[in-house]
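Dear colleague,

Please find below the sequence and the structure that I am handing over to you. My notes on it follow, and I would be glad if you read them with the model open.

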Amino acid sequence: MVKHQPLQVYERQLCLSSITGIYGCRWKRYQRSHDDTTKWELLWSLILLFTFCLLLVWFYFWSEAHNDYNEFNRFLYNRSGEWSDGTVPILATTAAGFTYIAFLMVLALCHVALGQQLNLHWLHKMGVTAALLTTTVGVISVNQTWGQEWDVIPISLQATGPFLHVGALAAVTALSWIVAGQVARSEKTMFQVVVVLLYLSVLLGLYLVPLYITSPCIMDPNTLKQRPDVIGHQGAPMLAPENTLWSFQRALQMNVTGLEADVTISEDGVPFLMHDHTLRRTTDIEKVFPDRQMVDASFFNWTDLQQLNAGQWFLKEDPFWTVHTLSPREKTLIANQSVCSLEQLLKLASYHNSTVVFRLRRPPPTHPCYHSWINDTLKAVQQSGVPQSLVMWTPDEHRDQVRQLAPGLIQTSVKKQSAQSLQQYGISRLLLRYNQASTQEIGNFSESSINLTLFTINEPWLYSVLWCSGVSSVSSEASHILKKVPYPIWLMRPNEYCLMWVSVDLISFAVVVGIFIFQKYRMSGMRSYNPEQIMLSAAVRRSSRDLNVMKEKLIFSEVGNGAGGADELYSDNGYDYYTNQGISQ
């Protein structure tokens, strides 16, 4: 009697099969291997890691650039001539790509943790390549067309740096489980030394990162300056059509202390509010004057401008996705808005005792008011009856002449200059984009009694950072959002932050040491190979078509009469299981 006995009886490993199957399409046991990963696959692993890091930065960039989405959409409009929210497809593809690459990274780490050979499927390789190329093209495009926006990353790190450090440290600490497992499993001393030194170098770097993290919000709360004033940039363009009378009224309802507008001179010398060079985006000129859509806005007289509707486009395009929040009454008011003149704005500001700052665009050389544009604007200011102390004058041209005609105007510059230079020219206010002034420069302007206003501030985190920096005022399109920020989002004393990061470092170090000791104890006494592994690894390397199915070797042992044994191969397409069956002779 000879009894057939299996070398091993296997159980299903659904989790392992899913990991290797999704990552490399290795669903069967015989397809998996514990051999070292090939150099080609190691290269693809590095490409995957680089793509993940690049997408992580790209995703973070677009998350923090939310403050300037409207600026980006205006840029796209100037390039294409059609208004659309270009951030939606970018965010959708970025989120999808990052999720996909992050999922592959998790699967790769699971392979390493389980001692499985990395073998990325060719479809995934195509996906990684597409994600890498698409992201690279996006980075290059932003760098060439919107390069100034990269400054949002270091600025945002002033708000997120301390918390990102804790998150990064937690992630690297968790990786110690995989690193310790690899070190304990390996029999190569050099490999163990290199891996440990590399990991400890990264860990030590993270431990010391807080020494280089600077944030104005790490300060003594007793030294916090008063809340920065909020100026309504183009009114409240998220709640009403930009540069319209209703938009400025909505901004005043949000308790802004000032109003900011863009001013153009009409053909008959009337200053009116318009940001774009043409009237296509913010009026219904295609209906009223279809043959003049591409004409510069300054070549329309005031009578023609009053015929245009400046509100219906807002209800149609919904540029900030806020129309659904408006009441029927507000929608009716918006639908009936017309082009607003500078004089109307100044009268409104005078009634509410609000500051007004406007950017005056000089008309083209062929314009009738090309030489008289300063006088025409001053005339409108004087006719409005607004106190000159409420008007911030920004044009640099003929500034001395303006001082003589209207000495009470607040002289304001929109070009970055030193405090000494500004004082030399009698300029008391400075209007800059938020990335043009560092925390140190904000402090210098404050000490020199130069009132600094930064634009465009729409996000609470950015408002909080500038508040802690000591800026005196900000210009915002989201005054209704900043109204809900009565205090910086977070504020931490230096000693509290020091205690936090030292505690986190110590906890991390203790966890890492504990994991290395546990893994060493766990792996002790265990061999780094087994008969199944040797057999299956050999099967993976062979190219015969017979290896498309599972091959197992059976041992025939003599029972009873001392009959000899023989080897026989059986294939298994299901689970690895053999039934014992007696054979009579």
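Helices and strands here are DSSP runs, with at least four residues for a helix (H or I) and at least two for a strand (E), and they are numbered from the N terminus. In that numbering, Thr 456 falls in the loop between β9 and α18. Please keep in mind throughout that this is a predicted model. The peptide bond that joins Phe 455 and Thr 456 is cis, with omega at about -20°.

The strands around this loop deserve a careful description, and I begin with β8. Strand β8, which spans residues 429-433, is mostly covered, since five of its five residues are buried, that is, under 20% relative accessible area. Arg 429, Leu 431 and Arg 433 point one way from β8, while Leu 430 and Leu 432 point the other way, and all of them are buried.

On one pairing of β8, strand β7 (residues 410-413) is joined to it in the parallel sense over two bridges, and Thr 412 is found opposite Arg 429. Between β7 and β8 the chain passes through helix α16 (residues 419-424), and this β-α-β crossover is right-handed.

Strand β8 also runs parallel to strand β9 (residues 451-455), to which five bridges join it. Within this pairing, Leu 432 has Leu 454 as its bridge partner, and Arg 429, already named as standing opposite Thr 412, stands opposite Asn 451 in β9. Helix α17 (residues 439-447) completes a right-handed β-α-β unit with β8 and β9.

As for β9 itself, four of its five residues are buried, so this strand is largely enclosed by the rest of the structure. It pairs with strand β10 (residues 473-476) in the parallel sense, over two bridges, and the bridge partner of Thr 453 in β10 is Ser 473. With helix α18 (residues 460-469) between them in the unit's listing, β9 and β10 make a right-handed β-α-β unit.

Two backbone angles elsewhere in the chain may also be worth your attention. Cys 25, which is not a glycine, nevertheless has a positive phi of about 60°; this residue is found in the loop between α1 (14-24) and α2 (39-64), and it is partly exposed, with a relative accessible area of 37%. Trp 321, likewise a residue other than glycine, has a positive phi near 60°, and it lies in the loop between α11 (312-317) and α12 (328-335). With a relative accessible area of 52%, Trp 321 counts as exposed, because the cut-off for that term is over 50%.

With kind regards

How values were computed
Residues are numbered from 1 along each chain as its sequence is written. This is a predicted model: local features need pLDDT of at least 70, side-chain atom pairs count only at pLDDT 80 or more; totals for chains, interfaces and linings use all residues. Side-chain values use heavy atoms; hydrogens and water are left out. Buried means under 20% relative accessible area, exposed over 50%, partly exposed in between (1.4 Å probe, protein chains only). Two strands pair if DSSP finds at least two bridges between them. A crossover is right-handed if, with the strands pointing away from the viewer, the path from the first strand over the helix to the second runs clockwise.
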